[in-house]
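Reader: Please take a close look at the pockets of this model, and then follow on to whatever else deserves a note. I would like a plain account with the cut-offs stated.

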Amino acid sequence: MATLPAMAATLMIGDIRIDGVVDGEGRFDPLKTFRTSTPEMWADHQDLLGDDGLLPFTMGAFLVRHGDTVALVDSGLGDATLMGIVGGRMLDSLAALGVRPADVTDVIYTHLHADHIGWSTVGGAPTFPNATHRCAAAEWQHFMVDTKDVDEVYAGSVNAPRNAFHHLGAVLDRFETFDGDGPLLPGIDTIAPPGHTPGSTVVVVSSGTERMVMLGDAVHCPVQLLESEWGALFDVDPVMARRTRNALAAELEGTGTHVGFSHVPHLTPGRLIRAEGRRRWVV
């Protein structure tokens with residue numbers, strides 16, 4: 001059995017339980033991760049770096065439990081290596097939360113990049129045999145129709161899915177798509193934020209006046225919600241993606257809304273506040 005990472009925090013949104021499910025973790029040089037950044041630019045964001053000065057980076061998913069719903073938002077990297085991060089821990093992380101693969105009722109994809117679909121199938125068979133798999137219609141069109149025969153190439157990757165259509169072959173008959181913004185499951189809604197991929201999705205979990213917003217890869221690091229001009233990683237439309245991030249940050253700032261995204265350190269949500277005249281990320 002794999003060595004488990006430190007457990008991510010459990011968050012309650014009303015009577016909806018949300019847990020981070022870590023698949024793998026790594027640390028990166030912030031200047032190489034954000035190639036247009038400088039040490040001076042990071043001076044105001046040392047709290048986002050580890051004691052070693054490196055940027056923490058996580059791969060995994062969020063588990064949402066509410067009534068009969070046991071939903072995974074994304075399915076991690078799988079038993080693979082990508083950008084130096086070794087995946088493979090998700091099933092152990094789920095087991096530590098008392099969840100078996102057969103318990104999962106839904107897999108909701110924020111998008112279909114390799115590190116978000118990895119555990120959907122293993123050895124050509126569905127990992128979550130009772131789950132309905134869901135993505136935005138525009139995402140399905142792009143990855144499963146328009147580019148279904150195009151492999152993605154990731155430097156230094158081992159066993160990572162290279163092609164969404166072929167990797168997801170065993171679950172194609174249990175896929176459903178949704179269009180744009182609106183309700184998806186009880187307590188779970190979707191928003192369509194353009195830029196990262198053609199059908200990238202933000203997932204909103206709400207109960208009463210409480211909510212958590214899962215940004216997928218609209219954001220890769222909290223600093224992108226704090227600095228309006230910082231670049232991003234792997235965006236199909238970088239200009240549109242920056243506009244999306246800035247609009248999301250403006251909407252979320254000061255609301256008390258819990259914010260998570262697929263690579264937030266340890267999959268622990270935070271909040272955007274304004275302090276000392278600027279945005280701050282607090283956990």
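Author: For pocket linings, Ala, Val, Leu, Ile, Met, Phe, Trp, Tyr, Cys and Pro count as nonpolar, Asp, Glu, Lys and Arg as charged, and the others, Gly among them, as polar. The model is predicted, so local features need pLDDT of at least 70 and side-chain atom pairs pLDDT 80 or more, while totals for chains, interfaces and linings use all residues. Numbering runs from 1 along each chain as its sequence is written, and side-chain values use heavy atoms, without hydrogens or water.

A pocket is an open set of points on a 1 Å grid over the protein atoms alone where a 1.4 Å probe fits, with protein on both sides within 12 Å along at least five of seven lines; lining residues have an atom within 4 Å of a point. The largest pocket has a volume (space filled by probe spheres on points joined across faces, edges and corners) of about 320 Å³. Its lining consists of 13 residues, and Lys 32, Thr 33, Phe 34, Arg 35 and Leu 233 lie nearest the centre. By class, the lining of the largest pocket holds 7 nonpolar, 3 polar and 3 charged residues.

The second largest pocket encloses about 230 Å³. It is lined by 14 residues, with Leu 82, Met 83, Asp 115, Tyr 154 and Phe 234 closest to its centre. That lining divides into 7 nonpolar, 4 polar and 3 charged residues.

Outside the pockets, helix H8 covers residues 238–252; helices (H or I, at least four residues) and strands (E, at least two) are DSSP runs numbered from the N terminus. The buried residues of H8 (buried: under 20% relative accessible area, exposed: over 50%, partly exposed: in between, 1.4 Å probe, protein chains only) are Ala 241, Thr 244, Arg 245, Leu 248, Ala 249 and Leu 252. They line one face of H8, because down its axis they fall within an arc (of directions from axis to C-beta atoms) of 130°. These buried residues pack (heavy atoms within 4.5 Å) against S15 (210–214), H7 (223–226), S16 (258–260), S17 (271–275) and S18 (278–282). After H8 comes Gly 254, with a positive phi near 75°.

Two residues other than glycine also have a note on phi. Asn 159, in the loop between H5 (137–146) and H6 (164–167), has a positive phi near 70° and is exposed at 65% relative accessibility. His 266, in the loop between S16 and S17, has a positive phi of about 60° and is partly exposed, at 40%.

Key:
Expected span 1.5 Å × (residues − 1).
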